[in-house]
Amino acid sequence: METRDIQFERDKETILQFRKDIEEVITGSKVNDYDYAAYLGRMERRIEQSNGGQVFIIRENRVIGQIGCEWREGAGYVNIFYILPEFRGQGYGREMIDWAENFFLHHGTYTYHLRVATSNERAYRLYRKSGMYPVRKEGRNYVMQKSLNFPLQDRGKGLHL
C-alpha cells in the first residue's frame, strides 16, 4: 500500500470532501450544519503534530483514502479512516489497519481505539474481523478498541509482580 503524508494547504479540499462523505454515510443525507471550518482547524493541528500519522492512501497516483493516527498517554487513536466508495471491499481497509498498527507499534503504543458510526455496519464488521471490539457506545458511535501484542524484543520488559 502506498501512502503520502498529508500537506494541509495543498490537500485541504480533499480532506474536506472526504469528511463530507463521512458525514453523509453517518447521517444518511447531505449535512448542512456540520462545522467544517472547525474540522479543518482540527485537521491542521493533527497534521502538524502527527509525526507521520496523517496520510493519504494512493493507488496508481490517485488518492483513494485517508487514515489518521495519533497517540496520547500511551494509547493510540485512529481519528479518520476513509476509503472512496469505489475502492471499498477490495482489501484496502485491512491494509490500512495493518498500517495503523505498525504506526502505533513503531511509536511504542500497544492499545488503540477508534469510533465507528452505529449505522456503518460494513466498517463495524471490518473492525471486528480485525480483532477490535466495542467497549462503549457514545451517541451515534461505538468506541472500538484493540490491544496489540508486544513485539518479541519487548516481551519481558513489562511490570513484574
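This report describes the sheet, the helix packed on it and the two largest pockets of a predicted model.

**The sheet**

The model contains an open sheet of seven strands, arranged in the order β1-β2-β3-β4-β5-β7-β6, with mixed pairing. Its edges are formed by β1, residues 2-5, and β6, residues 133-138, each of which pairs on one side only. On average, and with direction ignored, neighbouring strands of the sheet are turned by 30 degrees against each other. Helix α1, spanning residues 8-27, packs on this sheet, where the helix touches β1, β2, β3, β4 (75-83) and β5 (111-117). The direction of α1 makes about 85 degrees with that of β3.

**Antiparallel pairs**

Three of the strand pairings may be set side by side.

| Strand pair | Sense | Bridges |
|---|---|---|
| β1 and β2 | antiparallel | four bridges |
| β2 and β3 | antiparallel | six bridges |
| β6 and β7 | antiparallel | five bridges |

Strand β2 covers residues 54-59 and strand β3 covers residues 62-72. Individual bridges show how β2 is placed between its partners. Towards β1, Arg4 has Phe56 of β2 as its bridge partner; towards β3, Val55 is matched with Ile67. Because five of the six residues of β2 are buried, that is, under 20% relative accessible area, this strand is largely enclosed by the rest of the structure. As a general point, side chains in a regular strand alternate between the two faces of the sheet.

The hairpin that joins β2 and β3 has two residues between the strands, and Glu60 takes a positive phi near 50 degrees there. At the other end of the sheet order, the hairpin of β6 and β7 also has two residues between its strands; in that hairpin Gly139 takes a positive phi near 60 degrees. Strand β7 runs over residues 141-147, and its Val143 stands opposite Arg136.

**The pockets**

The largest pocket has a volume of about 930 Å³. Its lining comprises 36 residues, and those nearest its centre are Phe81, Val116, Asn120, Ala123 and Tyr127. Both helices and strands contribute to this lining: α1, α2 (36-49), β4, α3 (92-106), β5 and α4 (121-129) each supply at least two residues. The most comes from β4, which gives seven residues. By class, the lining of the largest pocket is made up of 18 nonpolar, seven polar and eleven charged residues. Helix α1 thus appears in two settings, as a helix packed on the sheet and as a contributor to the lining of the largest pocket.

The second largest pocket has a volume of about 210 Å³. Arg42, Arg45, Arg46, Gln49, Ser50, Cys69, Glu70, Trp71 and Arg72 form its lining. Both α2 and β3 supply at least two residues each to the lining of this pocket. The residues concerned divide into two nonpolar, two polar and five charged. Helix α2 is therefore a contributor to the linings of both pockets, with at least two residues in the largest and at least two in the second largest.

Technical notes: Residues numbered from 1 in each chain as written. Predicted model: local features only at pLDDT ≥ 70, side-chain atom pairs only at ≥ 80, totals over all residues. Heavy atoms only, no water. Pairing = 2+ DSSP bridges. Axes fitted to C-alpha atoms, helices over the stretch in contact; angles between N-to-C directions. Contact = heavy atoms within 4.5 Å. Buried < 20%, exposed > 50% of the residue type's maximum accessible area, 1.4 Å probe, protein only. 1 Å grid on protein atoms, 1.4 Å probe; cavity = no way out; pocket = protein on both sides within 12 Å on 5 of 7 lines; lining within 4 Å. Points joined across faces, edges and corners; volume = space filled by probe spheres on them. Nonpolar A, V, L, I, M, F, W, Y, C, P; charged D, E, K, R; others polar.
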